[in-house]
Amino acid sequence: DLEVHLGETAEFPAEGFFEGTWAAAAGGVTTLLDHPITEREPTTSPAALATKRRAAEGKLHVDVGLMGLLSPGNLPAQVPALLKAGAIGVVGYLTPPAHNVPALTLETDLAALRTALTAATPTEPAPA
């Protein structure tokens, strides 16, 4: 499933890693991509990604990839840092979604994102 919201410390009731991956396995799904806006602290940094990874330890019944969240104004540094820290990908929003997540701007952030993604091609495997 390419968009799930598993929340161990979510602002609203959400399935945690144990329950969400168990349900996926029961339904025959073998891989989930967890999106970064469910938690109280959105996954916008390597530290937040590491926190989420620790929260998932010992609770997974299927493969789970963690997504990073793009923040306006910080894309050239943020994209490579999230990918190097093991994010399977990044997501950003052009309109504000729920959870007080800021939207990217067309004028500045999309040009910076293009540059950052071009420069952030991983050359080594993500950490396990």
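This short presentation describes the fold, the sheet, helix 2 and the nonpolar cores of one predicted protein model.

A word on conventions before the structure itself. Residues are numbered from 1 along each chain as its sequence is written, and side-chain values use heavy atoms, with hydrogens and water left out. Because the model is predicted, local features need pLDDT of at least 70 and side-chain atom pairs count only at pLDDT 80 or more, whereas totals for chains, interfaces and linings use all residues.

Let me begin with the overall layout. The protein has four helices and three strands; helices (H or I, at least four residues) and strands (E, at least two) are DSSP runs, numbered from the N terminus. Along the sequence they follow the pattern α-β-α-β-α-β-α. Of the 128 residues, 38% count as buried, where buried means under 20% relative accessible area, exposed over 50%, and partly exposed in between, with a 1.4 Å probe and protein chains only. Among contacts (heavy atoms within 4.5 Å) between residues at least 6 apart in sequence, 66% join residues at least 24 apart.

I turn to the sheet. How are its strands ordered? The sheet is open, has three strands in the order 1-2-3, and pairs them in parallel; two strands pair if DSSP finds at least two bridges between them. Strand 1 (31–34) and strand 3 (89–91) are the edge strands, each pairing on one side only. Neighbouring strands are turned by 35° against each other on average, direction ignored; the axes here are lines fitted to C-alpha atoms, for helices over the stretch in contact, and angles run from 0 to 180 degrees between N-to-C directions.

Strand 1 is joined to strand 2 by four bridges, and Leu 32 stands opposite Val 64 in strand 2. Three bridges join strand 2 (residues 63–69) to strand 3, where Gly 89 is the bridge partner of Met 67. Strand 2 is mostly covered, with five of its seven residues buried.

Helix 2 deserves closer attention. Its buried residues are Ala 48, Leu 49, Lys 52 and Ala 56. Seen down the helix axis, they fall within an arc of 100°, so they line one face of helix 2; the arc is that of the directions from the helix axis to the C-beta atoms. An α-helix has 3.6 residues a turn, so residues three or four places apart point the same way. The face turned away from the buried side carries the exposed residues Ala 47 and Arg 54. The buried residues of helix 2 pack against helix 1, strand 1, strand 2 and helix 3 (75–84).

Why does Lys 52 count as buried? Its relative accessibility is 4%, and therefore Lys 52 meets that description. Leaving aside neighbours within four places in sequence, Lys 52 is in contact with residues including Phe 17, Asp 34, His 35, Glu 39 and Leu 66. After helix 2 comes Gly 58, whose phi is positive, near 75°.

Finally, the cores. A nonpolar core is a set of buried Ala, Val, Leu, Ile, Met, Phe, Trp, Tyr and Cys residues joined through side-chain atoms within 4.5 Å. The largest has 12 residues in all, among them Val 4, Phe 17, Leu 32, Leu 49 and Leu 82. Helix 1 (17–26) and helix 2 (46–56) each supply at least two residues of this core. Apart from it lies another core, of eight residues, including Leu 70, Leu 83, Ala 112 and Leu 113.
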